[in-house]
Every structure is written in structure tokens, then in C-alpha cells.
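Open the structure in your viewer and keep the sequence beside it. This tour tells you what to select at each stop and what is there.

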Amino acid sequence: MIVTTKKLFEAAYGKYAIGAYNINNLEQTMGLFRGCLDSQAPFIIQISKGARSYTDSKMLEGLIRSAEQVFPEAVFAVHLDHGDEETCYDCIKSGFYSSVMIDASGLPFDQNIATTRRVVEAAHARGIVVEAELGMLGGVEEHVAVSEANAKLTDPNQAKAFVERSGCDSLAVAIGTSHGAYKFSGSQALRLDVLAEIQKCLPDFPLVMHGSSSVPQDEVARINAAGGQMKGAKGVDPTQFKPAAVLGVTKVNIDTDGRLVWTRVHREYFKEHPENFDLRPIGKVFMAEYARFIAEKNNYLGSAGHLPEVRKIVS
Ligand code: 13P
């Protein structure tokens, strides 16, 4: 069942965070649904601009609609990740997305508000909710690339005015994480103190943590042992998700870790089976490993086990 992120956040606020997972293809879709049902967790499917154009946005939509039928027990939101204004309008009009993110965080404060406000008005008119961003995360996420020098933590004092004036339904905050597999270089750190200040200014308002992959070191070591070259990759300590949830984080974005599972599975498989040229055996291994990864992540987020109660709330 597709629901808005707003419904999921109402159930989760202050208790646990919902995993928001980026997907691009059939195998990820199957692994995601299986992993969330195995762990009995509600979830958010994130679709980026790059995922929409990887094949055709209609292909992903078709996959997700089919998955909804194959796994009727699942409760999830369909969310546009890092949308520009035009892509937001396209998704709002499609009637498929239950939530969009307008990322105007690169614009000056007043322009970010004005752009977000326009998207909010269009989205709310169709019952769709909007995530906005204030502050700027470093790192690279497809078309969004921000150098560490230009990354900017969210100013707690600006957050309240931003939410009131833009009308957004949730806010992505920059608290020291960055997109990609190489986080926390130099003096960067996860700033739960800044998060606590933001929550004081915006009590009960759902906050979003981007750049939250953990980049597990055993995963990186296995990739490198199978021929990869990922030196110095590191991520967010997953034991910090629950403290962040208590401080108002209801959505945690994870993309890179899923890519690492894909890379490790394929590198190891073809190293061990150099004679193989069939895509299904490896596809099956990947789907099972991706499902395992998702279930484990939902345990860290605290969303595991909450599906039955969320189903009752939304149905
Ligand atoms: P990661 O690169 O840490 O997975 O972050 C993904 C993200 O924030 C998508 O919006």
C-alpha cells in the first residue's frame, strides 16, 4: 500500500526512523520489499532523477506497482529524491509519487523558501507531501555535487522561519554527514548537538538525515579483496540512528550502502565463477543479499517490527 511519508512520520516521530532506500532496477526492488517484509518494517522508496532516466521513469513505476501486488502486506511511500522544480512538477502530475523532495538548498535563503513554497502549493493541491532542504551536505549524489568547503550545517535559528514560510512537511538538515562513500574527512563529524538545537526550534516536526550510509568496513574490505579500489571509504555509525530518531529524525536516506552490496556481490561472484555468463544466478544472490542488508538496516533504524501497527493506522 502506497502512503504519504507524513503518515509514516506521524507513527514514527521520536521513536524510530524510517529507512529511505534508493532503487534503480528489478533486483533492488525485489530485495527491498523482501527485506522490509522479513523485518516487518514500513519503508520509503526513493527515486532519484538519475534512476528515472536510467531506463524510463515508467519502467520503475511499473516495477513498483507490480511489487505492490506481489507483496500486498507492504506499507511504503514513493518519494522523489533531490528533485529540481521541474522534476517535482512532473512527479506531482504523474499521480504515482506520494512525496517529493525539492532541493533548492543551493539557492539563497529567500529563494529557497520561494521555490519550496511553489512546489508545496502544487503538491498539497494533489495530496502529496514535500521535503525541503536547509543547509548543504557535502559529497556527490548524482547531479548534486557539493565540495566539503561549500558544505554548510543547518542553522537552527533559520529552520523555524524556513518551515513556517515554505510550508514544507519535513526538513532535510545538514548535520555533518555527506553523500557518497567517503564521509567525515578532516574535522567533520556527526553533529547530534546541532540536531538537538534544531529540534528545540522545531519540536514535533519531522527531520530528515541525508548521507546516512554506514559504508561497512567489512564490505569495503571484501570489495577491495575482490579487485575493487575503495581506499579510505567510511560512513555513519549506524548505532547513531536511534539517538537521532529521538531528536526528531524520522527519515534516514541510504543509497551508497546498497551500491556497495551490489559491487561486493558481483565482484566476488565473478572472481569465484570466471566461467559464468548467466545473469540469473548472480541476480538471485544479489536479491537475497540486498534483502538481508535492508532487514539489518531496519533493525538499526528501529523501524523493524512496526509494520503491523502502521498497517492498522493507515488502513
Ligand atoms: P548516502 O550516499 O550516504 O547513501 O546518502 C544517500 C542520500 O542521502 C540520498 O538522498
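**Stop 1: the largest pocket**

Select Pro216, Asp218, Glu219, Phe293 and Glu296: of the 15 residues that line the largest pocket, these lie nearest its centre. Two or more lining residues come from each of α9 (217-225), α11 (256-272) and α12 (279-301). Colour α12 separately, since the largest share of the lining, six residues, belongs to that helix. The pocket holds about 310 Å³ of space. Its lining consists of nine charged residues, five nonpolar and one polar. Keep in mind that the model is predicted.

**Stop 2: the nonpolar cores**

In soluble globular proteins, nonpolar side chains tend to be buried together. Now select Leu32, Ile45, Ile47, Leu171, Leu195 and Leu207, which touch the most other members of the largest nonpolar core, a set of 84 residues. The helix coloured at the previous stop appears again: α12 gives this core seven residues, the most of any contributor.

Centre the view on Leu32. Which residues does leucine 32 touch, not counting those up to four places away in sequence? They are Tyr21, Ile23, Phe43, Ile45, Tyr290 and Ile294.

A second core, separate from that one, has seven residues, including Val215, Val220, Ile223 and Leu260.

**Stop 3: strand β3 and its partners**

Select residues 76-83, which form strand β3. Is this strand buried or exposed? Eight of its eight residues are buried, so β3 is largely enclosed by the rest of the structure.

Next, add residues 43-48, strand β2. This strand runs parallel to β3 and is joined to it by six bridges. To see one place where the two face each other, pick Ile47 and Leu80: isoleucine 47 stands opposite leucine 80 in β3.

Then add residues 99-102, strand β4. Three bridges join β4 to β3, and this pair also runs parallel. Serine 99 in β4 is the bridge partner of histidine 79.

**Stop 4: two positive phi angles**

Most residues other than glycine have a negative phi. Two residues to select here have a positive one. Histidine 82 has a phi near 50 degrees, and aspartate 204 has a phi near 65 degrees.

Their surroundings can be compared in turn. Histidine 82 is in strand β3 and is buried, with a relative accessible area of 3%. Aspartate 204 is in the loop between α8 (192-201) and β10 (207-209). Its relative accessible area is 62%, so aspartate 204 counts as exposed, for which the cut-off is over 50%.

**Stop 5: two buried residues and their contacts**

Select Phe43 in strand β2. Phenylalanine 43 has 0% relative accessibility and therefore counts as buried. Leaving aside neighbours within four places in sequence, phenylalanine 43 is in contact with Leu8, Ile18, Gly19, Leu32, Phe33, Cys36, Ala74, Val75, Phe76 and Ala77. Among these is Leu32, the residue centred at the second stop.

Finish with Thr250, in strand β11 (residues 249-254). Threonine 250 is also at 0% relative accessibility, so it counts as buried. What does threonine 250 touch, not counting residues up to four places away in sequence? Select Phe9, Tyr13, Tyr16, Ala17, Ile18, Pro206 and Leu207 to show these contacts.

How values were computed
Residues are numbered from 1 along each chain as its sequence is written. This is a predicted model: local features need pLDDT of at least 70, side-chain atom pairs count only at pLDDT 80 or more; totals for chains, interfaces and linings use all residues. Side-chain values use heavy atoms; hydrogens and water are left out. On a 1 Å grid over the protein atoms alone, a cavity is a set of points where a 1.4 Å probe fits but cannot get out, and a pocket is an open set with protein on both sides within 12 Å along at least five of seven lines; lining residues have an atom within 4 Å of a point. Grid points are joined across faces, edges and corners, and a volume is the space filled by probe spheres set on the points. Helices (H or I, at least four residues) and strands (E, at least two) are DSSP runs, numbered from the N terminus. Ala, Val, Leu, Ile, Met, Phe, Trp, Tyr, Cys and Pro count as nonpolar, Asp, Glu, Lys and Arg as charged, and the others, Gly among them, as polar. A nonpolar core is a set of buried Ala, Val, Leu, Ile, Met, Phe, Trp, Tyr and Cys residues joined through side-chain atoms within 4.5 Å. Buried means under 20% relative accessible area, exposed over 50%, partly exposed in between (1.4 Å probe, protein chains only). Contact means heavy atoms within 4.5 Å. Two strands pair if DSSP finds at least two bridges between them.
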